[in-house]
Amino acid sequence: MEIFHFLRIMMDGIPPPKDKHLFIKDLRFEKVKVRMYQPKMSTTGQRRGILYFHGGVGRTCRYFARKTNSVVVSVGYRLAPEYPYPTQFEDCLTATIHFMRTAQDYGVDPSRIIVCGDSSGGTLTAAVAQALVNRRDVPKLRAQILIYPFLQGADFNLPSYQQNEGIPVLLKERTVSLGLKYLNTDLSAVNNVLQGCHVSEELRLKYQKWLSPDNIPHEFKTRGYTPSTEQPFSEQVYTLVKALLEPVFSPLLSEDSVIAQLPETFILTCEYDVLRDDGLLYKKRLEDHGVKVTLCHLQEGFHGTIFLALYGKITSFKSGLKGLEKITKFLRLM
């Protein structure tokens, strides 16, 4: 995406401005570059720690560090296409484990560590949280925060994909194209993937209980929804794009045994976003397994609204500011 490419270059090339409220330093957790934001104000006990996985075009770390008196670590995971999938997930998991093991060195309570991310960073957040559920060598995560996350690559005809297919910045076709680029896969498969030709009848039946539009509340279908007709399965397309269905890429498709062990969760969704229903479906899966979920649905929101809310009055939108306030409130309870 040209705009994302431009923003990435622009932001990667700008050193962090000084902040009178924060100590900001660049570190390495193992081989992973991170930037740490530590409040300057004194505190009597240990702070909460937040690992932030950005969606590629913006970081809200400074805001969360100041507003919640937290130590925030922005993880500079290596980016696609230079570094192929699943390098990004591996970097985020490595940085998270390192921080959990060394949290007290930075004045952080190991039992109050939260992972957080937006867009593709939300995917990474969910995947890291899932990867940690069976580990006994690190503390349990306190919570995960998913900001308009991409969570599944099986069904691109959910109501939100139909309703918002042409709404910037994340168009329906572009979502699939970006996913295939991330997987370093031939883009000729885009149309077949959009039609669901990569999902076999066996997998379709397995996913149905998790992805059924029946699991989405009626109020989210009032802008129109037509159940999609099943297209014939193509073994060739599946072979080409099968990574789309791996839990690391599609956390919504993880097994129940993993979902049931996840920590308390905050999910932010936007009405005018193709990814809205991924968040709504994940909320239901988590709640069905007894995981406590806080949903913040921005009725006027669109993909990227949180990022834009932090960049001046001209590009600020009330929905984005409302979202930031809700996340901040959630964090303060952790």
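Okay, salt bridges: the count for this predicted model comes to 17. I'll walk through a few of them, then move on to the sheet and the helices.

Start with Arg 78 and Asp 91. They form a salt bridge, and the closest N and O atoms are 2.9 Å apart. Arg 78 sits in the loop between S4 and H3, while Asp 91 is in helix H3, so this pair ties together parts that are 13 residues apart in sequence. And how exposed are the two partners? Arg 78 has 39% relative accessibility, so we call that one partly exposed. Asp 91, on the other hand, is buried, at a relative accessible area of 6%.

Next up, Lys 206 with Glu 255. Here the closest N and O atoms of the salt bridge are 2.7 Å apart. Lys 206 belongs to helix H8, residues 201-211, and Glu 255 to the loop between helix H9 (235-241) and helix H10 (256-259), so the parts being tied together are 49 residues apart in sequence. Lys 206 comes out partly exposed, with a relative accessible area of 31%. Glu 255 also counts as partly exposed, at 39% relative accessibility.

While we're in that loop between H9 and H10, have a look at Ser 254, which lies there too. Is Ser 254 buried or exposed? Buried, with a relative accessible area of just 3%. What is Ser 254 in contact with, once you leave aside its neighbours within four places in sequence? That would be Gln 130, Trp 210, Pro 247, Ile 259 and Arg 285.

Third pair: Glu 287 and Lys 283, with the closest N and O atoms 3.0 Å apart. Both of these lie in helix H11, residues 276-288, and they're four residues apart, about one turn of the helix. Glu 287 is partly exposed with a relative accessible area of 36%, and Lys 283 is partly exposed at 21%. Buried would mean under 20%. There's also a network: Arg 223, Glu 271, Arg 276 and Asp 277 are joined into one by salt bridges that share partners.

Right, the sheet. Eight strands make up an open sheet with mixed pairing, and if you want to trace it on the screen, the order is S1-S2-S4-S3-S5-S6-S7-S8. At the edges you have strand S1 (22-29) and strand S8 (293-302), each pairing on one side only. On average, neighbouring strands in this sheet are turned by 20° against each other, ignoring direction.

For one strand pair in detail, take S5, residues 108-118, and S6, residues 143-147: they pair in the parallel sense, over five bridges. If you need a register marker, Asp 118 stands opposite Ile 147 in S6.

Now, what lies across those strands? Helix H2, residues 61-68, lies across S1, S2 (32-39), S3 (47-53), S4 (71-76) and S5, and runs at about 165° to S3. Helix H3, residues 87-102, lies across S1, S2, S3, S4 and S5, at about 170° to S3. That's the helix Asp 91 comes from, the partner of Arg 78.

Last one, helix H14, residues 318-332. Its 15 residues, at 1.5 Å a residue, should span 21 Å, and the end C-alpha atoms are indeed 21 Å apart, so expectation and model agree. Which residues of H14 are buried? Ser 319, Gly 320, Gly 323, Leu 324, Ile 327, Thr 328, Phe 330 and Leu 331.

Conventions: Residues numbered from 1 in each chain as written. Predicted model: local features only at pLDDT ≥ 70, side-chain atom pairs only at ≥ 80, totals over all residues. Heavy atoms only, no water. Pairing = 2+ DSSP bridges. Helix = DSSP H or I, 4+ residues; strand = E, 2+ residues; numbered from the N terminus. Axes fitted to C-alpha atoms, helices over the stretch in contact; angles between N-to-C directions. Contact = heavy atoms within 4.5 Å. Salt bridge = Lys/Arg side-chain N within 4 Å of Asp/Glu carboxyl O. Buried < 20%, exposed > 50% of the residue type's maximum accessible area, 1.4 Å probe, protein only. Expected span 1.5 Å × (residues − 1).
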